Amino acid sequence: MIRKFALAGAALAATTFMSGTALAQTIGFSQVGSEGDWRPAFSANMQESAKEYGVDLKFANAQGKQEEQLRAVRAFIAQGVDAIIIAPVVVTGWDQVLREAKEAEIPVFLVDRDVDVEDKSLYVTRISADFNLEGKLAGAWLAAESLGDCKVVELQGTTGSAPAIERKGGFEAVLDQFPAMEIVASQSGDFTTDGGKKVMEAFIKSTNNLEGICASFAHNDNMQLGAIQAMKEAGLKPGEDVLMVSVDYVPAIKDALDAGEANASVELRSAVGEFIYPVVLDYLKNPTELDKWIVIPGDLHTAD
Ligand code: AHR
């Protein structure tokens, strides 16, 4: 890999010398899809900030399908891009394609979601929020709000995705500290508003109109927004009858917080190009070993 960068560096220096301007780096970005409100905002920011950083970005939307991501990454390898950025749909199934990128000497950066690979040298670093901490923040807020006594329904994100696994893990770690707090029903709504609505409709049926339920924890705001709709249609008052806590802090949940229909949301920043591109571009200039995880901070927001 070092040799490739040395050669690329020499070629770049020569071109810069001849033309007086640096060549743009070509980066392939395989994005999960366009589910919810957060992801399109993240995609737009990555595309906009690519221009600011002088990056020639090849953007591929996988529409939620890992097969599409594998195809896109192989196409980037065939095109000989300078680097590949992946926001992986799910954590498993990445070893082979990452090995192919490594053999082609193209550095891979994970953003947003994680992968589960044995050989960590297959990617340079992950640049993302701490999903486990997000789950903990949601759980800690709920523990304080309910005085440690709360039956929770949980709307999970995409099965097998890092945010679903890690947010659940963080949330449960807090609940484990409180004997009177427990998750009584949990189902995946696939991070979509429709999915969240369907899951909450099922919970409403199975729990006799959420009888005895004190909170709804959704792994993202869009599922919570769907849950809010389902509860209102069933004559319930989200935010009053049931505490509503979720993750992302998208504009529509801010409106729900203002209207008293949601109570808390953990912010997941979508404008993260400014965190990602400098890391990738610096690495391309000077490929040294980086920490395997560069954490982007987040915050808890309540109606107050
Ligand atoms: O990976 C981050 C999660 O993916 C966001 O919280 C969710 O909205 C998106 O679908």
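Guide: In this predicted model, domain bounds come from an automatic or database domain assignment.

Visitor: Where does the ligand lie with respect to domain 1 (2-129 + 270-298) and domain 2 (131-267)?

Guide: The shell around the ligand receives residues from domain 1 (2-129 + 270-298) and also from domain 2 (131-267). Helix H2 (38-52) and helix H6 (162-175) each contribute at least two residues of that shell. Because both domains take part in the shell, the ligand lies between them.

Visitor: How many residues of the shell around the ligand are charged?

Guide: The ligand is surrounded by residues that include Glu-35, Arg-39, Asp-112, Arg-113, Phe-131 and Asp-248. Divided by class, the shell holds 5 nonpolar residues and 1 polar residue, while the number of charged residues is 6.

Visitor: What percentage of the area that the ligand exposes when taken alone does the protein bury?

Guide: Polar side-chain atoms of Asp-112 and of Arg-113 each lie 2.8 Å from an oxygen atom of the ligand, and a polar side-chain atom of Asn-220 lies 2.9 Å from a ligand oxygen atom. The space that the ligand takes is the largest cavity. Taken alone, the ligand exposes 280 Å², and the share of this that the protein buries is 100%.

Conventions. Residues numbered from 1 in each chain as written. Predicted model: local features only at pLDDT ≥ 70, side-chain atom pairs only at ≥ 80, totals over all residues. Heavy atoms only, no water. Near = heavy atom within 4 Å. Polar contact = N/O pair within 3.5 Å; in protein donor to acceptor, adjacent residues only side chain to side chain. Areas by Shrake-Rupley, 256 points an atom, 1.4 Å probe, with all protein chains shown as cover. 1 Å grid on protein atoms, 1.4 Å probe; cavity = no way out; pocket = protein on both sides within 12 Å on 5 of 7 lines; lining within 4 Å. Sits in = over half its atoms within 2 Å of the grid points. Helix = DSSP H or I, 4+ residues; strand = E, 2+ residues; numbered from the N terminus. Nonpolar A, V, L, I, M, F, W, Y, C, P; charged D, E, K, R; others polar.
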